Amino acid sequence: MVCANASGTHSLPLLVIGKSKKPRCFKNVSCHPTPYKAQKSAWMNSVLFSGWYFKYFTPNVKTLREREGKTGTVLLILDNFPCHRPVEILNATDDDLSVMYLPPNVTAMV
């Protein structure tokens, strides 16, 4: 999963999803440069998305806003993949964060 601001000056670490809980390639790695999550099909699901949103996206955005003294609402634009939580749930968690979904079948046009 990739997430960055519109100007490209800030990005979150990539979320990598794999099948193995403990991949052999990470055998001697003590500190992962990106968050790694295991899921049987190696696809995003609602549990992984919720975890990313609340554990990585929200705190990262709040930290950046505090560090740079920014105010206003942050808009997260997502495709309409079914695993994403409903907008009402995501928007209800923080007044400074707003989520909007792209209409169906337009992701490839962007």
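**Exercise 1. Describe the overall build of the chain.**

Solution. Buried residues account for 26% of the 110 residues in this chain. The model is a predicted one. Next, take the secondary structure: there are two helices and four strands. Read from the N terminus, their order is β-β-α-β-α-β. Last, take the extent. The C-alpha trace spans about 45 × 35 × 25 Å along its principal axes.

**Exercise 2. Characterise the largest pocket: volume, lining and chemistry.**

Solution. Start with the volume, which is about 820 Å³ for the largest pocket. Then turn to the lining. The largest pocket has 32 lining residues. Nearest its centre lie Cys3, Ala4, Asn5, Leu75 and Leu76. Helix 1 (46–68) and strand 3 (74–78) are the elements that each give two or more residues to this lining. Helix 1 supplies the largest share, seven residues. Now sort the lining by chemistry: 20 residues are nonpolar, eight are polar and four are charged.

**Exercise 3. Locate the nonpolar surface patch, then classify Val16: buried, partly exposed or exposed?**

Solution. First, the members. Val2, Leu14 and Val16 make up a nonpolar patch on the surface. Together they have about 260 Å² of accessible area. Second, place Val16: this residue belongs to strand 1, residues 16–18. Third, apply the cut-offs. Buried means under 20% relative accessible area, and exposed means over 50%. Val16 has a relative accessible area of 33%, so Val16 is partly exposed. Patch members need over 30% relative accessible area, and the 33% of Val16 is the value to set against that cut-off.

Key
Residues are numbered from 1 along each chain as its sequence is written. This is a predicted model: local features need pLDDT of at least 70, side-chain atom pairs count only at pLDDT 80 or more; totals for chains, interfaces and linings use all residues. Side-chain values use heavy atoms; hydrogens and water are left out. Patches are made of residues with over 30% relative accessible area and no salt bridge: like charges are joined within 9 Å, nonpolar side chains (Val, Leu, Ile, Met, Phe, Trp, Tyr) within 5 Å. Accessible areas come from the Shrake-Rupley method with a 1.4 Å probe; for residues, only the protein chains shown count as cover. A salt bridge is a side-chain nitrogen of Lys or Arg within 4 Å of a carboxyl oxygen of Asp or Glu. Buried means under 20% relative accessible area, exposed over 50%, partly exposed in between (1.4 Å probe, protein chains only). On a 1 Å grid over the protein atoms alone, a cavity is a set of points where a 1.4 Å probe fits but cannot get out, and a pocket is an open set with protein on both sides within 12 Å along at least five of seven lines; lining residues have an atom within 4 Å of a point. Grid points are joined across faces, edges and corners, and a volume is the space filled by probe spheres set on the points. Ala, Val, Leu, Ile, Met, Phe, Trp, Tyr, Cys and Pro count as nonpolar, Asp, Glu, Lys and Arg as charged, and the others, Gly among them, as polar.
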